[in-house]
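Here are some comments on the model you sent. They start with one residue and then widen to the whole chain.

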Amino acid sequence: MDFNGKTINPTGVLGVMGLGATAGSTVTVRATGPDAHDAVATLTDVLANAE
């Protein structure tokens, strides 16, 4: 995931929170491998519904 010049491997909630993205931010999510589609869908859902 990329946000504001930071790149993380989102293996946990703390990593995602560490980006500092807030509601309305644009975050780039990339994934590779056999579960890539599901990983991107899950992260997109988490970010879209974060409070």
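1. V16 counts as buried, because its relative accessibility is 18% and the cut-off for buried is under 20%. This is a predicted model, and the comments below should be read with that in mind.

2. The position of V16 is within helix α1, which covers residues 13–17. Confidence needs a remark here: α1 has the lowest mean in the chain, at 71, whereas α2 has the highest, at 85. Any statement about the surroundings of V16 therefore concerns a residue of α1, the element where confidence is lowest, although V16 does count as buried.

3. What does V16 touch, once residues up to four places away in sequence are set aside? The partners are M1, I8, P10, L43 and L47. V27 lies eleven residues from V16 in sequence, and the two C-alpha atoms are 10 Å apart in space.

4. Two of those partners, M1 and L43, return in the largest nonpolar core. That core has five residues, with F3, V16 and L19 as the other members. F3 also has contacts of its own beyond four places in sequence: L19, G20 and A21, and further along S25, T26 and V27. L19 thus appears both as a contact of F3 and as a member of the core.

5. V40 makes a useful counterpart to V16. V40 is found in helix α2, residues 36–48, and is partly exposed because its relative accessible area is 26%, where partly exposed means between 20% and 50%. Apart from residues up to four places away in sequence, V40 touches V29, R30 and A31. From V40 to G5 the separation is 35 residues in sequence and 19 Å in space, C-alpha to C-alpha.

6. On the overall layout, the chain has two helices and two strands. Their order along the sequence is β-β-α-α. Of the contacts with a separation of 6 or more, 32% are between residues 24 or more positions apart.

7. On dimensions, the C-alpha trace spans about 30 × 20 × 20 Å along its principal axes. The radius of gyration is 10 Å, which agrees with the value near 10 Å for a compact globule of 51 residues. Of these 51 residues, 14% count as buried. The accessible surface comes to about 3,900 Å², and carbon and sulfur atoms account for 55% of that surface.

8. Last, confidence across the whole chain. The average pLDDT is 80, and 92% of the residues score at least 70. Please quote the element means next to that average: 71 for α1 and 85 for α2.

Notes
Residues are numbered from 1 along each chain as its sequence is written. This is a predicted model: local features need pLDDT of at least 70, side-chain atom pairs count only at pLDDT 80 or more; totals for chains, interfaces and linings use all residues. Side-chain values use heavy atoms; hydrogens and water are left out. Helices (H or I, at least four residues) and strands (E, at least two) are DSSP runs, numbered from the N terminus. The radius of gyration is taken over C-alpha atoms; the globule rule is 2.2 Å times the number of residues to the power 0.38. Buried means under 20% relative accessible area, exposed over 50%, partly exposed in between (1.4 Å probe, protein chains only). Contact means heavy atoms within 4.5 Å. Accessible areas come from the Shrake-Rupley method with a 1.4 Å probe; for residues, only the protein chains shown count as cover. A nonpolar core is a set of buried Ala, Val, Leu, Ile, Met, Phe, Trp, Tyr and Cys residues joined through side-chain atoms within 4.5 Å. pLDDT is the predictor's confidence in each residue, from 0 to 100.
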